[in-house]
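Work through the exercises below with the sequence and the model open. Try each task before reading its solution.

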Amino acid sequence: WCPCGEDQVHNFKTAYPNSVILAYHGAGSDPWKNFNGNSIMALMGFNGYPSGLIDRRLGNNNGWGSFFYDGEYRYSSSPEAPVSITPVNVNYNQSNGSLDVSLNSTALSNLTGQYKVTYIITEDNLVYPQTGNSWCPGNSAWVHDWIVRTVINIPTGDPVNSGGVWNSGQAFPLTVSTTLDSSWVGTNCELHVLVFKENGGLTTSEIQQAITIPIGTTGINQT
């Protein structure tokens, strides 16, 4: 059923091009299931594929058939993000794969609670056979996108603020450094920065803002 799930995600990405998509692979002999921070799949409650969570807001996983509609409902009910993330400096050294990024995260209204950040690198254009069925056919040269390669910090995130009140207009600096694996194609990779509000487990700790920074290219997507 994974090809049908991916079709739904592509449809959603076409309708809402600034959406940040993360594909966690973890079943059977999947070649991309062993990545730094893969405990995030258990924390998100993924026990079948394809499953997903839109902005980690519902507390349970969505089946592939509702990916598009759940995402569309999220956009229609909460079109404005309460937090912004602004890159300040992005340095990628293609020769050694080092990546150093500094950003600011700013509250767009008076907020309360503990906010956290997670940094994730994905890679696109990876070719590998994809199983399917008569409804959702795969093929032997399937092109996989949004593959999570590493959770740079920790799946449960690092603090952005110190809890309590985060005043409107108050900015907190964020920094992240890592080195891309030599087997990854840097120009196919992207850094994703997710700020979420802690609320029990990850399945109910709603994403407040997320941006995508292409590595080795220019351009930034912010929801």
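**Exercise 1. How many aromatic pairs does a search of the whole structure find?**

Solution. The search finds six aromatic pairs. Rings of Phe, Tyr and Trp (its six-membered ring) pair if their centres lie within 6.5 Å; planes under 30 degrees apart count as stacked, over 60 as edge-to-face and the rest as tilted. This is a predicted model: local features need pLDDT of at least 70, side-chain atom pairs count only at pLDDT 80 or more, and totals for chains, interfaces and linings use all residues. Residues are numbered from 1 along each chain as its sequence is written, and side-chain values use heavy atoms, with hydrogens and water left out.

**Exercise 2. Classify the ring pair of Tyr24 and Phe46, then place both residues.**

Step 1: geometry. The ring centres of Tyr24 and Phe46 are 6.3 Å apart and the planes stand at 40 degrees, so the pair is tilted.

Step 2: location. Tyr24 is in the loop between helix 1 (2-15) and helix 2 (40-43), while Phe46 is in the loop between helix 2 and strand 1 (51-52), so the pair ties together parts 22 residues apart in sequence. Helices (H or I, at least four residues) and strands (E, at least two) are DSSP runs, numbered from the N terminus.

Step 3: burial. Tyr24 counts as buried at 12% relative accessibility, and Phe46 counts as buried at 14%. Buried means under 20% relative accessible area, exposed over 50%, partly exposed in between (1.4 Å probe, protein chains only).

Step 4: cluster. Ring pairs link Tyr24, Phe35 and Phe46.

**Exercise 3. Do the same for Trp32 and Tyr128.**

Step 1: geometry. The centres of the Trp32 and Tyr128 rings lie 5.6 Å apart, with planes at 65 degrees, so this pair is edge-to-face.

Step 2: location. Trp32 sits in the loop between helix 1 and helix 2, and Tyr128 in strand 7 (residues 126-130), so the pair ties together parts 96 residues apart in sequence.

Step 3: burial. Trp32 is buried, at 8% relative accessible area. Tyr128 counts as partly exposed, at 33%.

**Exercise 4. What does the side chain of Asn153 reach?**

Step 1: location. Asn153 lies in the loop between strand 9 (147-151) and strand 10 (158-159). Asn153 counts as buried, at 16% relative accessibility.

Step 2: polar partners. The Asn153 side chain reaches the backbone oxygen of Val117 at 3.0 Å. With the side chain of Asp158, the Asn153 side chain makes a polar contact (3.0 Å). A polar contact is a pair of N or O atoms within 3.5 Å; within protein, one must be able to donate a hydrogen and the other to accept it, and residues adjacent in sequence count only if both atoms are side-chain atoms.

**Exercise 5. In what order do the three strands of the open sheet run?**

Step 1: order. The order is 3-4-12, and the pairing is antiparallel. Two strands pair if DSSP finds at least two bridges between them.

Step 2: edges. Strand 3 (83-93) and strand 12 (171-179) are the edge strands; each pairs on one side only.

Step 3: bridges. Strand 4 (residues 98-107) pairs with strand 12 over nine bridges. Val101 has Val176 in strand 12 as its bridge partner.

**Exercise 6. Is strand 14 (residues 207-214) mostly covered or exposed?**

Step 1: burial. Strand 14 is mostly covered: eight of its eight residues are buried.

Step 2: pairing. Strand 13 (residues 189-197) pairs with strand 14 in the antiparallel sense, over seven bridges. Val193 stands opposite Ile211 in strand 14.
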